[in-house]
Amino acid sequence: MKDFQLYVITGEAFHKNKELVTVMEDAIKGGADFIQLRDKTSSRKEVFEKAKQLKELCQSYEVPFIVNDYIDIAMAVDADGVHVGQDDMPLAHVRKLVGDDKIIGVSTHKIEEALEAEQGGADYIGVGPIFKTNSKEDVVDPVTTSYIKEIKATISIPFVAIGGIKTHNVREVIEAGADAVCVITEVVAADDVQAAAMRMTEAINEAKA
Ligand SMILES: Cc1ncc(COP(=O)(O)OP(=O)(O)O)c(N)n1
Ligand SMILES: Cc1nc(C(=O)O)sc1CCOP(=O)(O)O
Ligand SMILES: [Mg+2]
């Protein structure tokens, strides 16, 4: 899996008057280097159609494309991978279904979950929520940036910090040890999505410098 630093997840509820593909293309133009389709409300048929479009978009920019929750749809559109949570199918079975060449990301909120995902063969883990977020309904309490330090000291596979990350607080997240951050609203809810992604990319690069 190639390195990434700005992972952007779709959030159509936050850009009601703009097309999904336009928003995600603007995010990529602004520096998003990993994309996930996350859709909790559409029919499976609609999710499949969106996945097909985003796969084509991401492929044209050589940006990995991940599907949240729907392993079958990820496979059907030949996505680069899937993202699963703690309540989804166990990792070993996801791996059996998708094969060794696909990326599997696993959400984690505590060290035991992170170690289990690493030992089970996840390619990366999501670590969060770092800060308070309103973008996910069934979210646990913030793990805070000090937890990033703990993860960094414990885990060897790539991890991405997620939850309430904004341009104004991303420095804290990077300084705590994250190499990559994942956002929904900070990018997709912006009036100018490309500019928002560029601001986030610059803030990450400045914090890493
Ligand atoms: C990169 C990344 N990290 C965490 C999540 C959350 O996934 P999950 O726990 O499966 O919850 P839902 O997103 O399905 O509500 C994620 N999607 N991506
Ligand atoms: C989808 C998701 N998963 C989280 C986790 O902690 O696993 S937090 C989150 C929402 C992230 O959205 P925003 O950048 O708008 O806060
Ligand atoms: Mg999920």
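Which residue in β7 is the bridge partner of Gly126? Keep that question in mind while the tour moves around the barrel, and note that this is a predicted model, in which local features need pLDDT of at least 70 and side-chain atom pairs count only at pLDDT 80 or more, while totals for chains, interfaces and linings use all residues. Residues are numbered from 1 along each chain as its sequence is written, and chains are lettered from A and ligands numbered from 1 in the order in which they are written.

**The barrel**

Begin by selecting the strands, which, like the helices, are DSSP runs numbered from the N terminus (helices are H or I with at least four residues, strands E with at least two). Eight of them close into a barrel with parallel pairing, in the order β1-β2-β3-β4-β5-β6-β7-β8, where two strands pair if DSSP finds at least two bridges between them. From one strand to the next the twist averages 25°; angles here run from 0 to 180 degrees between N-to-C directions, with axes as lines fitted to C-alpha atoms, for helices over the stretch in contact.

**Strand β6 and its partners**

Select β6, residues 124–127, where Tyr124 and Gly126 on one side and Ile125 and Val127 on the other are all buried, meaning that 20 or more other C-beta atoms lie within 10 Å of the residue's own (12 or fewer is exposed, in between is partly exposed, with C-beta atoms placed from the backbone). In a regular strand the side chains alternate between the two faces of the sheet. On one flank, four bridges join β5 to β6 in parallel, and Val106 has Ile125 as its bridge partner in β6. On the other, β6 pairs with β7 over three bridges, also parallel, and the partner of Gly126 in β7 is Val160. The chain then crosses from β6 through helix α6 (residues 145–154) to β7, a β-α-β crossover that is right-handed, that is, with the strands pointing away from the viewer, the path from the first strand over the helix to the second runs clockwise. In the loop between β6 and α6, find Pro129; the peptide bond from Gly128 to Pro129 is cis, with omega near -5°.

**The two ligands**

Show ligand 1 next: 16 residues surround it, of which Gly85, Ser107, Gly126, Ile162 and Cys182 come nearest, a residue being near if its C-beta atom, placed from the backbone, lies within 6 Å. Two or more residues of this shell come from each of β1 (6–9), β4 (81–84), β5 (103–108) and β7 (159–162). Around ligand 2 there are 17 residues, and Gly128, Thr133, Ser135, Gly163 and Thr185 come nearest.

**Helices α8 and α9**

Now select Val187 in helix α8 (residues 185–188), which counts as buried because it has 31 C-beta neighbours inside 10 Å. Beyond its neighbours within four places in sequence, Val187 is in contact with Val8, Ala27, Ala32, Val193, Ala196, Ala197 and Met200, contact meaning C-beta atoms, placed from the backbone, within 7 Å.

**Two positive phi angles**

Finish in the loops. Glu62, between α2 (44–61) and β3, has a positive phi of about 55° although it is not a glycine, and with 9 C-beta neighbours inside 10 Å it counts as exposed. Asp69, in the loop between β3 and α3 (71–76), likewise is not a glycine and has a positive phi of about 75°; its 18 C-beta neighbours inside 10 Å make Asp69 partly exposed.

Terms used:
Two residues are in contact if their C-beta atoms, placed from the backbone, lie within 7 Å.
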